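Work through the exercises below with the model open beside you. Try each task before reading its solution.

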Amino acid sequence: VEKLMEFITLPNASTFTPAYFQNGKRLNENWVGQQLFALDIDDGLRIEEAIKLSEEMKVSPTFIYSSFSHTEDQHKFRMVFLKKFKIAE
């Protein structure tokens, strides 16, 4: 998770797809699965409000980061959630 955070947040700020695709092509029909989920928030919600809503829903983001066009007047950010799977013994 720390390496991913370094890769996708400023100053590196690379784009990413949080899913596994077969045939090396990012198409809906090639989707295999994913453990990481990212929500883009571009309008109508401030970071503090999103955190509060997450707490109320008992779903905590693994990390949150602002996007390129984020301003103090208009928050634009991503909330990243990591689904931890428990392997059956």
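Three exercises follow, on the fold, a histidine with its core, and a pocket.

This is a predicted model, where local features need pLDDT of at least 70, side-chain atom pairs count only at pLDDT 80 or more, and totals for chains, interfaces and linings use all residues. Residues are numbered from 1 along each chain as its sequence is written, and side-chain values use heavy atoms, with hydrogens and water left out.

**Exercise 1. The fold**

Task: Find the order of the elements from the N terminus on.

Solution:
- Step 1. Count the elements: the protein has two helices and five strands. Both are DSSP runs numbered from the N terminus: helices are H or I with at least four residues, strands E with at least two.
- Step 2. Read them off from the N terminus: α-β-β-β-α-β-β.
- Step 3. Take the burial: of the 89 residues, 22% are buried. Buried means under 20% relative accessible area, with a 1.4 Å probe and protein chains only.

**Exercise 2. H75 and the core**

Task: Is H75 buried or exposed, and what does its side chain reach?

Solution:
- Step 1. Place H75: it sits in the loop between β4 and β5 (77-82).
- Step 2. Check the area. H75 is buried because its relative accessible area is 4%.
- Step 3. Look for polar partners. The H75 side chain reaches the backbone nitrogen of I47 at 3.1 Å. It also makes a polar contact with the side chain of E72 at 3.5 Å. (A polar contact is a pair of N or O atoms within 3.5 Å; within protein, one must be able to donate a hydrogen and the other to accept it, and residues adjacent in sequence count only if both atoms are side-chain atoms.)
- Step 4. Follow I47. It belongs to the largest nonpolar core, with I41, A50, F77, M79 and F81. (Such a core is a set of buried Ala, Val, Leu, Ile, Met, Phe, Trp, Tyr and Cys residues joined through side-chain atoms within 4.5 Å.)
- Step 5. Assign the core to elements: β5 gives the most, with three residues.

**Exercise 3. The pocket**

Task: Which residues lie nearest the centre of the largest pocket?

Solution:
- Step 1. List the nearest: F16, A38, D40, Y65 and R78, out of 20 lining residues. (On a 1 Å grid over the protein atoms alone, a pocket is an open set of points where a 1.4 Å probe fits, with protein on both sides within 12 Å along at least five of seven lines; lining residues have an atom within 4 Å of a point.)
- Step 2. Name the strands: β3 (36-41) and β4 (63-66) each supply at least two lining residues.

Technical notes
Buried < 20%, exposed > 50% of the residue type's maximum accessible area, 1.4 Å probe, protein only.
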